[in-house]
Structures are given as structure tokens and as C-alpha cells.
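Trainee: I would like a close look at one part of this model. Please take me through the sheet and then what lies around it.

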Amino acid sequence: TEKAKKIIEKYSIDINSINKKGVITEKDLLPLINEKEDDPFLDIEEYPSKIKKILIIGGSFGAHQVIDILDDYEDVRVVGIIDDDKGKHGKIILGNKIIGSTDKIQDLFESNYFSHAIIAIGGNVVVRKTLYEKCLSLKIPMVNAIDKSCTIRKNVIIGKGNVINGNTYIGAFTVIGDNNFLSANTSIDHH
């Protein structure tokens, strides 16, 4: 698939190491990506100033979705993931390491490890809100992750920190606030 081609190129995967006949999908590549311990682009001091260094908050399935969306944009680069489940620390999600807990947010931001953040937690609104407010109190800029397959009509206003998954339709004059997680194929209109 086209996404599989991008992943093979991004992670320099040897196509001969894939034990599958027929069409190769991104799902076939996940085990190979997760084996990689180091991201060769992780020297964050060398990033061009136009590149936003993104910290993903939450290391479950939402992180997979957010990384997949952000990988389609050239002006952002995921530099790490944090999650309070210590059992996940050190694990790799689509080539990105879970580097610690949310109690590290302030230290990581103040040390310029990341420039922007996004919350990849879709199922727990209370936790999402708490983490979003924590980021705002630390003056951490929040980014949106909007899948390129979405249809966004005229005069739409979208806040900050939103995750908008694939094939979502947002009708003209719709206003979407901050810190939302919209599942795939969502349809929203202004009335």
C-alpha cells in the first residue's frame, strides 16, 4: 500500500525481511518498526526551526492514530510519548519511544525536548481535560492532528489540541473548540 511504502522508506526497512506474499500493509510492518530501538532522526537539537517537535501524551491506541496522522505532515516530528503506565515505558510505538510519565512534562518542555504537545487519549474525557489544563498552565503550545482525508468546508473554526481522524466531515461554519478527539467517519455540521 502507499502507507506501507512510506513506512518502509521512513524506517529504512529491508523489504526482503518482510515474510509475506502479496500486498504489504502498514500492519505487516508494525513488528519491524517496534523492533527498532533508536530513531535515527532523534537528534532533536538538529531540527530545523520550522519543524515542530511533538510530544504525544498517552501511549495507547490513540497514540498510534495520532502518529499515523502526523507522519503525513512535513512540518512536525514526534520526539517521544509519555504515559503514566510504567509497564509501557521503553516500548516503541510506530518508531517512537514511550519515555516516561506525565510528571515529566514540565521538565521536558523547559529543556526544549519538545516544542508542542498533543493528547492522544480518546476514551477518558476527564483525564484528557486534566492533562490539557496542565499543558495550558505550563504554557505548552498544543497542536491539532487532522487526518488529510478529512473534508473541512468553508469558514470552519477549529481550536487547539484536537485529534480529527480519517474521513471526518466538518460542514461550513462549524466551530470546534479545543481538546477534542473525533473518531473516523464523524460528520459535524453547524446546526
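**Strand by strand**

Mentor: Start with strand β2, residues 76–82. β2 is joined to β4 by 2 bridges, and the two strands run parallel. Look at I81: across from I81, in β4, stands I98. Keep in mind that this is a predicted model.

Now widen the view. β2 and β4 belong to an open sheet of 5 strands, in the order β3-β4-β2-β1-β5. The pairing in this sheet is mixed. Its edge strands are β3 (92–93) and β5, each of which pairs on one side only. What holds such neighbours together? Strands of a sheet pair through backbone hydrogen bonds, either parallel or antiparallel.

Go to the β5 edge next. Strand β1, residues 52–57, is joined to β5 by 4 bridges. These two strands run parallel. One pair to find is L55 with its bridge partner A117 in β5.

Stay on β5, which covers residues 116–119. Which way do the side chains point? H116 and I118 point one way, while A117 and I119 point the other way. All four are buried. The general rule fits here: in a regular strand the side chains alternate between the two faces of the sheet.

Return to the other end of the sheet order and look at β4, residues 96–100. A loop runs between β4 and α4 (105–110), and D103 sits in that loop. Is D103 buried or exposed? D103 is exposed, because its relative accessible area is 58%, and the cut-off for exposed is over 50%. D103 also belongs to a negative surface patch. The other members are D84, D85, D107 and E110.

D83 has another setting. D83 forms a salt bridge with K88, and the closest N and O atoms are 3.9 Å apart. D83 counts as buried because its relative accessible area is 11%, and buried means under 20%.

How many salt bridges does the structure hold? The count is 2. Besides the D83 bridge, look for K129 and E133, whose side chains meet at 3.9 Å, N to O. Both residues lie in helix α5, residues 125–137. They are 4 residues apart, about one turn of the helix. K129 is partly exposed, with 48% relative accessibility. E133 is partly exposed too, at 44% relative accessible area.

Now move further along the chain to a second sheet. Here 3 strands form an open sheet in the order β6-β9-β12, and the pairing is parallel. The edge strands are β6 (145–146) and β12 (181–182), each pairing on one side only. Strand β9, residues 163–164, is joined to β12 by 2 bridges. In that pairing, I164 has L182 of β12 as its bridge partner.

Finish with two backbone details. N167 lies in the loop between β9 and β10 (169–170). Its phi is near 60°, a positive value in a residue other than glycine. F173 lies in the loop between β10 and β11 (175–176). Phi of F173 is near 65°, again positive in a residue other than glycine. Is the F173 residue buried or exposed? F173 is exposed, because its relative accessible area is 53%.

Conventions: Residues are numbered from 1 along each chain as its sequence is written. This is a predicted model: local features need pLDDT of at least 70, side-chain atom pairs count only at pLDDT 80 or more; totals for chains, interfaces and linings use all residues. Side-chain values use heavy atoms; hydrogens and water are left out. Patches are made of residues with over 30% relative accessible area and no salt bridge: like charges are joined within 9 Å, nonpolar side chains (Val, Leu, Ile, Met, Phe, Trp, Tyr) within 5 Å. Accessible areas come from the Shrake-Rupley method with a 1.4 Å probe; for residues, only the protein chains shown count as cover. A salt bridge is a side-chain nitrogen of Lys or Arg within 4 Å of a carboxyl oxygen of Asp or Glu. Lys and Arg count as positive and Asp and Glu as negative; His and the chain ends are not counted. The place of a charge is taken as NZ of Lys, CZ of Arg, CG of Asp or CD of Glu. Buried means under 20% relative accessible area, exposed over 50%, partly exposed in between (1.4 Å probe, protein chains only). Two strands pair if DSSP finds at least two bridges between them.
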